[in-house]
Each structure stands twice: as structure tokens, then as C-alpha cells.
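Reader: I would like to learn how to read a single strand in its surroundings, and I would be glad to be taken through one case with care.

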Amino acid sequence: MARNRGLWGFLVAGLAACGGGGTNTDNNDPNPPQYPGDPGGTPVQAAVIDVVDNQFSPNGVVIAVGGTVTFRWAGIAGHSVTPAGNPGFSPTAGVSYPPKELVVTFNNPGTYNFYCTIHGVSDGYGGQGTMTGTIVVR
Ligand SMILES: [Cu+2]
């Protein structure tokens, strides 16, 4: 039981440190989240990213300037789509559940990192911090 309280304390502290959102670029974070980066390949006009437990699938896409990314919630747990640093994008989504879709149009070239505020923060949920993704526009 003490072990469980310790874990929950850690999780609560992690969420509090994050402030429920923001840019997730805290330089004092000893374990900052990793982003997948450019997956390569030919840009497409429209891509779909499934928001599942607990990852973005795929976690990297390349789209053409003016193209769209549709985020499609398909998990049991709640997840957000939150831009990390610059450039950002909008609209975004706070912690959400199916059925939900979020369509974002990207009109400027760049590398757009994003994460889930629950599962992509620092060490993340259960020490995994893996719910991050990268959209490359070129
Ligand atoms: Cu999540």
C-alpha cells in the first residue's frame, strides 16, 4: 500500500508540475519527453493519427503544406493533443474520449511536436512518457 501511495504521489506531483498544459519544454526537467522526429517519406495531403492507449499511431507523419491531420480518439483512457513548444498549432484538444475527432490544417512548413498531457509528460504514466508525436510539414 505504501508503494501505491508513493506512485500516486509521484503522478500527482508530475501533473502539478506540468500545470495541466503549456509547452512542455521545461529546461529543469531531468527527464524531458522524447519526440519521434521526421519519419521521412513523401508528403501526403491528409493523414490520420489514431489516439489510443497510450500512444499516437502513427506517431510521425509527413504532410504537404496546406494539408490536414485528423486525430481520431480510439482508446479507453482520456488523452490530449497538445503542441510542444514552437511552432504550435490549433485547434488543440484537452483530455478527451471517443467519439471525438480533431482536424488541424497546417499552412506553414515546419516540424510540429505534440504530446498527451497525461502520458507524454517527463517519465509519464507508469514511467513511460511515450505518448508524443511529430508532424512534419514540407
Ligand atoms: Cu494520454
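Reader: Which strand, covering residues 110–115, is joined to S4 by bridges, and how many bridges are there?

Author: Please keep in mind that this is a predicted model. Pairing is read from the bridges between two strands, and here 2 bridges join S4 to strand S7 (residues 110–115), the two running antiparallel. Within this pair, Thr-82 stands opposite Tyr-115 in S7.

Reader: Which other strand is joined to S4, and in what direction do the two run?

Author: S4 is also joined by 2 bridges to strand S5 (residues 93–96), and this pair is antiparallel. Here the residue to look for is Val-81, which lies in S4 (residues 79–83) and stands opposite Ala-93 in S5.

Reader: Is Val-81 buried or exposed?

Author: Burial is read by counting neighbouring C-beta atoms, with 20 or more within 10 Å as the cut-off for a buried residue. Val-81 has 27 other C-beta atoms within 10 Å, and it is therefore buried.

Reader: Which residues does Val-81 touch, if those up to four places away in sequence are not counted?

Author: With those sequence neighbours set aside, Val-81 touches Val-51, Phe-71, Thr-92, Ala-93, Leu-102 and Phe-114. A separation between C-alpha atoms can be read alongside such contacts: Val-81 and Phe-56 are 25 residues apart along the chain, and their C-alpha atoms are separated by 9.4 Å.

Reader: Why can S4 be described as largely enclosed by the rest of the structure?

Author: The description rests on a count along the strand, because 5 of the 5 residues of S4 are buried. Taking the two faces in turn, His-79, Val-81 and Pro-83 are buried on one side, while Ser-80 and Thr-82 are buried on the other, so that both faces are covered.

Reader: How many helices and strands does the chain have, and what share of its residues is buried?

Author: The chain has 1 helix and 8 strands, with the helix placed ahead of the strands when the elements are followed from the N terminus. Buried residues make up 28% of the 138 residues.

Reader: Which residues touch the most other members in the largest nonpolar core?

Author: In this core of 20 residues, they are Ile-49, Ile-63, Val-69, Phe-106, Tyr-115 and Ile-135. The elements giving two or more residues to the core are S1 (44–52), S3 (60–73), S6 (101–106), S7 and S8 (132–137), and S3 gives the most, with 4 residues. Val-69 touches, among others, Ile-49, Ile-63, Phe-106 and Ile-135.

Definitions and conventions: Residues are numbered from 1 along each chain as its sequence is written. This is a predicted model: local features need pLDDT of at least 70, side-chain atom pairs count only at pLDDT 80 or more; totals for chains, interfaces and linings use all residues. A residue is buried if 20 or more other C-beta atoms lie within 10 Å of its own, exposed if 12 or fewer, and partly exposed in between; C-beta atoms are placed from the backbone. Two residues are in contact if their C-beta atoms, placed from the backbone, lie within 7 Å. Two strands pair if DSSP finds at least two bridges between them. A nonpolar core is a set of buried Ala, Val, Leu, Ile, Met, Phe, Trp, Tyr and Cys residues joined through C-beta atoms within 7 Å.
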